[in-house]
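User: I am new to this structure and would appreciate a close look at a single part of it. Please choose one element, explain its geometry and its side chains, and then set it beside other parts of the chain.

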Amino acid sequence: MRRVRTLGLLGTGVIGGGWAARALHFGIDVVAADLRPEMEDWIRGAVANAEGALSRLTLAPLPPKGKLSFTTDPNAMARQADFIQENIPEQLQLKQRVLADMSRHAPPDVVIASSTSGLRPSDLQLGMAAPERFLVAHPFNPVYLLPLVELVGGRQTAAATLDGAARFFTYIGMHPLKVRREVPGHLTDRLQEALWREILHMVNEDVATTGELDDSIVYGPGLRWAGMGTNLIYHLAGGETGMRHMLRQFGPALKWPWTRLEAPELTEELIDKMVAGTHAQAAGRSIRELERLRDDYLVAIQQVLREYNIGAGATLRSLEERLYEESATAARERVRAAADAGAPAAGEPLRLLEIAVRPEWVDYNGHMTDSRYLQVFGDAARPRAAVRDDARARGRRPARAARSRAASPAR
Ligand SMILES: NC(=O)c1ccc[n+]([C@@H]2O[C@H](COP(=O)([O-])OP(=O)(O)OC[C@H]3O[C@@H](n4cnc5c(N)ncnc54)[C@H](O)[C@@H]3O)[C@@H](O)[C@H]2O)c1
């Protein structure tokens, strides 16, 4: 797979916009294609909106932001992109036709991925040129903050395509989860759908309102799920003997069972109840306001999980370690080049961490706030630890370069 400098997007709705924001933030140029010219303004707005939360996710030094361009000609996009992500509506025949057409304009070493929520890759790649470079890469909304991307290969997908795509998604801060076998709905949407079906049944039968059912998750299991999934949580619930005891104790209930497999009929009455329920939960807040609230707590949760090095926090931590290491390497090379050019480097502290002071870090008198100083210097300790560990693993003394310090942001 070629090195990805330009990401091509086909379809720039909710998901295309999310991909654009994430890729641009991590220094990848984006060529976005949508049949509707008005989507240019929409995607630029979506990227600007996402930037608020994204810019708070990490203080690690990022590469310069990518550039966004827009076209209404998908084939022009396909000729420029190093990697293409398709995000058009979830209709099998539409996707098949568009993917087959696009694959004849994209060079054969360009990976093409679909964001489909549940269609199988073997069905999507049927009419494509070079189908071995196709896979499903299913993200989650908001794509710019949630790291999960499910990778699914079809019958004709090459293993190298899945590996190359995993490397690219890791580079832009994601957690690629390779799905072993293609099944409709992949992994996560099957789980989400099981919950969703039961919600619809309970609202339909007036067992609970949408708000009460959301409370049943938000105040309980939802908090656990951010760090441990259902299986590990149930292992803990089984006491000293873990999952074995859990299955003995609660296994018989699976025969009753509590829940249903078939979804209820979506009658007008049920749709009205769902809409009225969620309208009451929104309590007058617009979708934009709720999105901002969601984005803010998603950033905060990932920063907390980073300290415990679990789940999405582990992804964030390893991303930061890479970014700090890259920044340190670049700084070391600059110092070496300066020394080679005769600059008096000896005895001077090395600048191994450089961070731009962002406008929101500056207080009323034009200085960086004290809390940001603490945060920056705390983060400056990370690459030092990483370099030392690395040196120890190789059985060497830590290099002098390990005595790093943060580039002091100008007061
Ligand atoms: N919305 C979600 O939460 C979510 C999450 C994960 C995956 N997905 C998947 O992502 C895909 C897109 O979903 P969405 O919610 O962003 O849809 P959307 O309706 O918001 O956006 C689709 C966009 O595709 C454009 N489009 C339609 N036909 C086109 C064509 N032939 N060429 C170029 N552009 C075309 C439309 O103009 C529109 O802007 C679907 O496959 C969906 O299953 C959605």
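Analyst:
**Helix α6 and its setting**

Helix α6 has 13 residues, which at 1.5 Å a residue should span 18 Å; the C-alpha atoms at its ends lie 19 Å apart, so the two values agree. This is a reading of a predicted model, and every value below was computed from it. Several side chains of α6 are buried: T161, L162, G164, A165, A166, F168 and F169. Just after the helix, G173 adopts a positive phi of about 85°.

Which rings does F169 join? Ring pairs tie W19, F83, F168 and F169 into a cluster. Two members of this cluster, F168 and F169, are among the buried residues of α6. A pair of rings is described by how far apart the centres are and by the angle of the planes. Across the structure, the count comes to six aromatic pairs. One of them is formed by W19 and F169, with centres 5.4 Å apart and planes at 40°, an arrangement classed as tilted. This pair connects distant parts of the chain, since W19 belongs to helix α1 (residues 14-25) and F169 to helix α6 (residues 159-171), 150 residues apart. W19 counts as buried because its relative accessibility is 1%, and F169 is buried as well, with a relative accessible area of 0%.

A second aromatic pair offers a useful contrast. Y373 and F377 form a stacked pair, 6.3 Å centre to centre, with 10° between the planes. An α-helix has 3.6 residues a turn, so residues three or four places apart point the same way. Y373 and F377 are four residues apart in helix α15 (residues 370-393), so about one helical turn separates them. Here the exposure is split: Y373 counts as buried at 13% relative accessibility, whereas F377 counts as partly exposed at 40%.

Spacing of about one helical turn recurs among charged residues. Side chains of opposite charge can pair when their charged atoms come close. A search of the whole structure yields 20 salt bridges. In one of them E291 meets R288, with N and O 2.6 Å apart. These two residues are three places apart in helix α13 (residues 287-308), which puts about one helical turn between them. E291 is partly exposed at 24% relative accessibility, and R288 is partly exposed at 37%.

Helix α2 supplies another such pair. The closest N and O atoms of E40 and R44 are 3.1 Å apart, and the two residues form a salt bridge. Because E40 and R44 are four residues apart in α2, about one helical turn lies between them. E40 counts as partly exposed at 28% relative accessibility, and R44 is partly exposed with a relative accessible area of 37%.

Is K95 buried or exposed? K95 is buried, with a relative accessible area of 1%. Its side chain nevertheless meets that of E90 in a salt bridge, at 3.9 Å from N to O. E90 is partly exposed, because its relative accessibility is 40%. Elsewhere, salt bridges link R2, D82 and D109 into a network.

The remaining topic is the sheet. Strands of a sheet pair through backbone hydrogen bonds, either parallel or antiparallel. The open sheet has eight strands in the order β3-β2-β1-β4-β5-β6-β7-β8, and its pairing is mixed. The edges are held by β3 (68-71) and β8 (175-178); each has a single partner strand, so one side of each is left without a neighbour in the sheet. From one strand to the next the twist averages 25°.

At the β3 edge, β2 (residues 29-33) and β3 run parallel and are joined by four bridges. Within this pairing, A33 of β2 stands opposite T71 in β3. Helix α2 (residues 39-57), which holds the E40 and R44 pair, lies across β2 and β3 and runs at about 155° to β3.

To return to the chosen element, α6 carries a row of buried residues, including F169, and the aromatic pair with W19 links F169 to helix α1.

How values were computed:
Residues numbered from 1 in each chain as written. Predicted model: local features only at pLDDT ≥ 70, side-chain atom pairs only at ≥ 80, totals over all residues. Heavy atoms only, no water. Pairing = 2+ DSSP bridges. Axes fitted to C-alpha atoms, helices over the stretch in contact; angles between N-to-C directions. Contact = heavy atoms within 4.5 Å. Salt bridge = Lys/Arg side-chain N within 4 Å of Asp/Glu carboxyl O. Buried < 20%, exposed > 50% of the residue type's maximum accessible area, 1.4 Å probe, protein only. Phe/Tyr/Trp six-rings, centres within 6.5 Å; stacked < 30°, edge-to-face > 60°. Expected span 1.5 Å × (residues − 1).
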